[in-house]
Amino acid sequence: MRIVPAILTSSPEEFLTFLKKAEEFSPHNQIDITDGEFVPSLSITVPQLENLNYRVKSFVEAHLMVEEPLNWLKPFYEFGAERIIFHFEIRKDKEEIIREIRKLGLEAGLAINPSTQVKEFSHLVDKVDTILFMSVEPGFYGSKFIPDTLDKIREFKKFWPDKPIGIDGGINLSNLKEVVPLGIDFICVGSAIFKSKDPKKSYQELSSFQA
């Protein structure tokens, strides 16, 4: 299990500050992107990402909570990201998106909203590198953890016990004990790290947790 700091902000300056800080203590980081359409919130935009003039120094994955993930592939490739995660629930051809991600030599991941059932996305599991289970309604820091997600993960593990999976949303020290025993590979944490007074200390406490 590894803790992955997740960055979500609409400010390019704050975004870069958070990312540089996270790269000081975490080898794996996630950038959350929202479009105000697939989810109500709005993060940094494609032009803002392109104008940052920065290339990442850690393993970075982009979590695209957007209706048009194809618009983000090349910008994140040039930014240095190594994995693109997009949502199953978007109204687009998912297999085309996976193909376009692969063309860039990047890993492909599929994010699953709390209301989506395993049978709905089962046909895509073997076509992606990882599945990211949302344990909140996506799009905001500090959203309420949805325990039913853990039952869905248990169901999923019965059919794909070796598939790399992550969980994202509402995770903190108080509920980590429920998550760790499930054999999840990575846990994305946003507000419990970046809204704390000492993000590095919070990251280390979460990383050293023993169930």
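With 211 residues, a compact globule would be expected to have a radius of gyration near 17 Å, and this protein comes in at 16 Å, which agrees. Keep in mind that we're looking at a predicted model. Boxed along its principal axes, the set of C-alpha atoms takes up roughly 45 × 40 × 30 Å. Inside that box there are nine helices and eight strands.

How much of the chain is buried? Buried residues account for 56% of the 211. As for what faces outward, the protein exposes about 9,700 Å², with carbon and sulfur atoms supplying 48% of that area. The contacts reach a fair way along the sequence, too: take those between residues at least 6 apart, and 66% of them join residues at least 24 apart.

**Strands under cover**

Strand 2 (28-34) is a good place to start looking inside. Seven of its seven residues are buried, and the cover is on both faces. One side carries His-28, Gln-30, Asp-32 and Thr-34, the other Asn-29, Ile-31 and Ile-33, and all of them are buried. Strand 1 (residues 2-7) runs parallel to strand 2, paired with it over two bridges. If you want to find that pairing on screen, go to Ile-7, whose bridge partner in strand 2 is Ile-31.

Strand 5 (residues 107-112) is a similar story: five of its six residues are buried, so the rest of the structure largely encloses it. Strand 4 (residues 83-87) pairs with strand 5, again in the parallel sense, over five bridges. Here Ile-84 has Ala-108 of strand 5 as its bridge partner.

**Phe-38 and its company**

Now for a loop residue. Phe-38 is in the stretch between strand 2 and helix 2, and with a relative accessible area of 16% it counts as buried, because the cut-off is under 20%. Which residues does Phe-38 touch, leaving aside those up to four places away in sequence? The list is Met-65, Val-66, Glu-67, His-87, Glu-89, Ile-90 and Asn-113. Take His-87 from that list: it is 49 residues from Phe-38 in sequence, yet the two C-alpha atoms are 9.3 Å apart in space.

**Rings and charges**

The aromatic side chains deserve a look of their own, with 12 aromatic pairs in the count. One of them is Tyr-54 with Phe-79, a tilted pair at 6.2 Å centre to centre and 50° between the planes. Tyr-54 belongs to the loop between helix 2 (46-50) and strand 3 (59-65), while Phe-79 belongs to helix 3 (residues 70-79), so this pair ties together parts that are 25 residues apart in sequence. Both rings' residues are under cover: Tyr-54 is buried at 15% relative accessibility, and Phe-79 is buried at 3%.

Ring pairs also build a cluster, linking Phe-88, Phe-121, Phe-133, Phe-156, Phe-159 and Trp-160. Phe-88 has something else going on as well, since Lys-94 lies over its face. Elsewhere, Arg-83 lies over the face of Phe-186. Here are the two charge-over-ring cases with their distances:

| Charged residue | Ring | Distance to ring centre |
|---|---|---|
| Arg-83 | Phe-186 | 5.4 Å |
| Lys-94 | Phe-88 | 5.3 Å |

Arg-83 also takes us back to the strands, as strand 4 covers residues 83-87. His-87, the contact of Phe-38, falls within that strand's range too.

How values were computed
Residues are numbered from 1 along each chain as its sequence is written. This is a predicted model: local features need pLDDT of at least 70, side-chain atom pairs count only at pLDDT 80 or more; totals for chains, interfaces and linings use all residues. Side-chain values use heavy atoms; hydrogens and water are left out. Rings of Phe, Tyr and Trp (its six-membered ring) pair if their centres lie within 6.5 Å; planes under 30 degrees apart count as stacked, over 60 as edge-to-face and the rest as tilted. Helices (H or I, at least four residues) and strands (E, at least two) are DSSP runs, numbered from the N terminus. Buried means under 20% relative accessible area, exposed over 50%, partly exposed in between (1.4 Å probe, protein chains only). A charge sits over a ring if NZ of Lys or CZ of Arg is within 6 Å of the ring centre and within 35 degrees of the ring normal. The radius of gyration is taken over C-alpha atoms; the globule rule is 2.2 Å times the number of residues to the power 0.38. Contact means heavy atoms within 4.5 Å. Accessible areas come from the Shrake-Rupley method with a 1.4 Å probe; for residues, only the protein chains shown count as cover. Two strands pair if DSSP finds at least two bridges between them.
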